[in-house]
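Biologist: I would like to learn how to read a model like this one. Please start with what counts as a contact.

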Amino acid sequence: MEYPPNRRTFLIATGMTALASTRVLGANDTLRIGVIGAGGRMNNLLDSADKAGNVQIVAVSDVYAPRRDTIKERSKGLATTHGDYREVLQQPLDAVFISSPDHWHVPMALDALAAGKDVYLEKPVTHTIEEGAALIAAVRSNKRILQCGMQQRSWSHFRDAVDLIQGGSIGRVPQVRTYWWQNYQPWSPKPVDTQALDWKQWLGNAPAQPFSEEKFYRWRWFWNFGGGAMTDLCTHWIDVVHWAMKADTPRQVHMLGDKYVFEQWDCPDTVQAAFRYPGFDVVYEGMMASSIDDGGLEFRGTEGTLKLNRSGFSIYREGVSSKENPVVKADSFRDGTITHMQNFFDCIKSRKEPNAPVETGVAAARAGQIANLAYQRTGQLSWPPKS
């Protein structure tokens, strides 16, 4: 397989392809989709896409051949397969879905935007704080639609909960508690056929290192490729906090973490983090060897508390007897990723701003990245750092 010899010829080629593929889309037109990164999360996204609109997978790229083959089969054999994602960008596409390890998110998205493609980018949208400005600039200068994979932004009961908080239904909110517990202990991964894997391409700009099954499957827990719980799980919840509280940059972060269970990881498996924003504080806690209670948020207001998770929300009023609480309760009726994908598709056609624009994804990732910086230093960090 031959790849473009250098970036200049690649950009020329993709620029011509983008121009040739530009088209006016009608409400019922089938969207041509390119898949970049074909692991488990991508299959979840494609399930939601199938329920959200008319789509056709045109091309798929992954460095692991069995995953490419699975998506090709899913497309009924119509999708072309590629080891290098840049070849996908040369196809006549309306949009690409990117669900690669975190360290590839921004390089892939920048190339896709330069090629004139709209992008659905899984969270966290950045791997480092420094990448945020470049991603925002690329979205805005190329005038493309980029939907961040923060599906709560389109999930109906999350939207209702945010409206209630912003409308003053629970009074002033001085404190928000967030948490997410998962159990990574029961694990028997399918053996990797290293002959079918381009490990060097998988590593990308990360330091050269031997193949590791642990890193291939659990890359989120190694600094070269991810950022642990703070940029995976916490990112979802801190985004909801930013949205509801209309503030997206912490002034100070404290983080306590350790590797009590998975000593082979770089990132801590047990964490408690505290974020100070103007006028309110946020705490996050979680561990990766206990899944009881799963994940959620609690907005603690002066007149009530709103408890929120992916199943629904409840409001508990101060001064009301326990038999009368909760005073408001709402349940989720389906996975918000479906509605989030529908919003993305609608924006591709209308060119309107999506529910989770690039700035929201950058801010949510940044909060977790600041917490990781605090962990790696003295356990606390003021932001922006004092020179």
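Modeller: Contact means heavy atoms within 4.5 Å. By that rule H236 touches K123, G149, M150, Q151, Q152, W180 and R310, leaving out residues up to four places away in sequence. This is a predicted model, in which local features need pLDDT of at least 70 and side-chain atom pairs count only at pLDDT 80 or more, while totals for chains, interfaces and linings use all residues. Residues are numbered from 1 along each chain as its sequence is written, and side-chain values use heavy atoms, with hydrogens and water left out.

Biologist: In which helix is H236 found, and is H236 buried or exposed?

Modeller: Helices are DSSP runs of H or I with at least four residues, strands are runs of E with at least two, and both are numbered from the N terminus. H236 is in helix α10, residues 229-245. Buried means under 20% relative accessible area, exposed over 50%, and partly exposed in between, with a 1.4 Å probe and protein chains only. H236 has 6% relative accessibility and therefore counts as buried.

Biologist: G149 is one of the residues that H236 touches. Where does G149 lie, and which residues does G149 touch?

Modeller: G149 lies in the loop between β6 (146-148) and α7. Its relative accessibility is 0%, so G149 is buried. Beyond four places in sequence, G149 touches Y120, L121, E122, K123, H236 and H340. The C-alpha atoms of G149 and L45 are separated by 9.5 Å, although the two residues are 104 residues apart along the chain.

Biologist: How do I read the packing of two helices?

Modeller: Fit a line to the C-alpha atoms of each helix over the stretch in contact; the angle, from 0 to 180 degrees, is taken between N-to-C directions. Here α2 (residues 40-52) and α11 (residues 336-350) pack at about 70°, and their axes are 8 Å apart. Angles under 35 degrees count as roughly parallel, over 145 as roughly antiparallel, 65 to 115 as roughly perpendicular and the rest as oblique. The pair α2 and α11 is therefore roughly perpendicular.

Biologist: What is the handedness of the crossing of α2 and α11, and which residues meet there?

Modeller: A crossing is right-handed if the near helix is turned clockwise from the far one by less than a right angle, and left-handed if anticlockwise. The crossing of α2 and α11 is right-handed. From α2, the residues R41, L45, S48, A49, K51 and A52 meet T337, I338, M341, Q342 and F345 of α11. These contact residues divide into six nonpolar, three polar and two charged. Ala, Val, Leu, Ile, Met, Phe, Trp, Tyr, Cys and Pro count as nonpolar, Asp, Glu, Lys and Arg as charged, and the others, Gly among them, as polar.

Biologist: How do I tell whether a helix has a buried face?

Modeller: An α-helix has 3.6 residues a turn, so residues three or four places apart point the same way. In helix α3 (residues 65-74), the buried residues are A65, R68 and I71. They fall within an arc of 125° seen down the axis of α3, so they line one face of the helix. The arc is that of the directions from the helix axis to the C-beta atoms. Against the buried residues of α3 pack β1 (31-36), α2, β2 (55-61) and β3 (80-82).

Biologist: Which residues of α7 are buried, and what covers them?

Modeller: In helix α7 (residues 156-166), the buried residues are H157, F158, A161, V162 and I165. They cover an arc of only 140° around the axis, so they are on the same side of α7. Their cover includes α10, β11, β12 (304-309) and β13 (312-317).

Biologist: Which backbone angles deserve a second look?

Modeller: Most residues other than glycine have a negative phi, and most peptide bonds are trans. K246, in the loop between α10 and β8 (252-258), has a positive phi near 55°. Its relative accessible area is 67%, so K246 is exposed. D294 also has a positive phi, about 55°, and lies in the loop between β10 (280-287) and β11 (295-300). At 42% relative accessible area, D294 is partly exposed.

Biologist: Which residues do cis peptide bonds join?

Modeller: One cis bond joins K123 and P124, with omega about -10°. P124 is in the loop between β5 (118-121) and α6 (131-142). Another joins W383 and P384, with omega about -5°, and P384 is in the segment after β15 (380-382).
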